[in-house]
Amino acid sequence: MTTIKIAGVPEHFNLPWHLAIENNEFQANNIDLQWTDVPEGTGKMCQMLRSGETDIAVILTEGVVKDIVAGNPSKIVQVYVDSPLIWGIHVAAKSPYKTIADLENTKCAISRVGSGSQLMAYVNAGNQNWNTDHLQFEIINTIDGAVEALTAGTADYFMWERFMTKPLVDKGVFRRVGDCPTPWPCFVIAVGEEILEQHPKVIKTILDTINKKTKSFKNIPNIEEALATKYHQKTVDIQEWMALTTWSQNPLSKNLLNNVQNQLFQLKIIDKIGTFEEIVKTL
């Protein structure tokens, strides 16, 4: 039995992994896949890949590309979710801000430096033609930290996956002023180089197993109700999310990587463009 550590956010995108682990689908191939939930998100998972705290991360595309270019010894082995991530732009329910335009030159709550919540603040600023040099950030670690910061007024807005944040909107804690979809597929699977060199066949088996799961995921009986219950969502919201979400079983292409890197470079999120070979490993 080979033990492999994997990390991902505690969100609905990752239910296929949990179901496959619960059904012993990895164990059937002599793999003990040990999952860790990381509510802090991509910035934290990049640290975990660097330190060897995790072998695999199911991680935001833009965040891991940025960190690999900055020296993270990992490779992207596959796209996991092909559709964009729809980031809701949220303010406190009683905030005076009514539109995205109102948020120019205000302070953005982010989970940590290098997180998706920070990188997407740059993407949003680019979309709005704001001067990205004027962006201000407040580190809040988790969504609970964002609730505290926005309610207390130490930050003005917070960008997070729209559907996972909707219960807070429904409760009247946050108000959503707009959306900002990622201009690329949202999640990829990244693996530390050391593990890739030591266990390429094991990693390939893990990918084959999860790909089989994601291909059939939408056809699992009562899956929408199961998702709604597990992630405290309304079934109608899960139905909308499922209709918008497409899982992938394909490697990251050169064209797609170029598109991501070019946009990150234009937004000054990265200061150099990495090569395909430095960032991607196709198994």
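**Briefing: helix α5 and a five-stranded sheet**

Just after helix α5, Gly153 takes a positive phi of about 85 degrees. The model is predicted, so local features need pLDDT of at least 70 and side-chain atom pairs count only at pLDDT 80 or more, while totals for chains, interfaces and linings use all residues. Residues are numbered from 1 along each chain as its sequence is written, and side-chain values use heavy atoms, leaving out hydrogens and water. Helices (H or I, at least four residues) and strands (E, at least two) are DSSP runs, numbered from the N terminus.

**Helix α5**

- In α5 (residues 143-152), the buried residues (under 20% relative accessible area, 1.4 Å probe, protein chains only) are Gly145, Ala146, Ala149 and Leu150.
- These buried residues fall within an arc of 125 degrees seen down the axis of α5, so they line one face of the helix; the arc is that of the directions from the helix axis to the C-beta atoms.
- Asp144, Glu148, Thr151 and Ala152, on the other side of α5, are exposed, that is, over 50%.

**The sheet**

- Five strands form an open sheet with mixed pairing, in the order β2-β1-β3-β10-β4; two strands pair if DSSP finds at least two bridges between them.
- At the edges stand β2 (31-37) and β4 (74-81), each with a single partner strand, so one side of each is left without a neighbour in the sheet.
- Strand β10 (residues 187-192) runs antiparallel to β4, and six bridges join the two.
- Opposite Ala190 in β10 stands Ile76.
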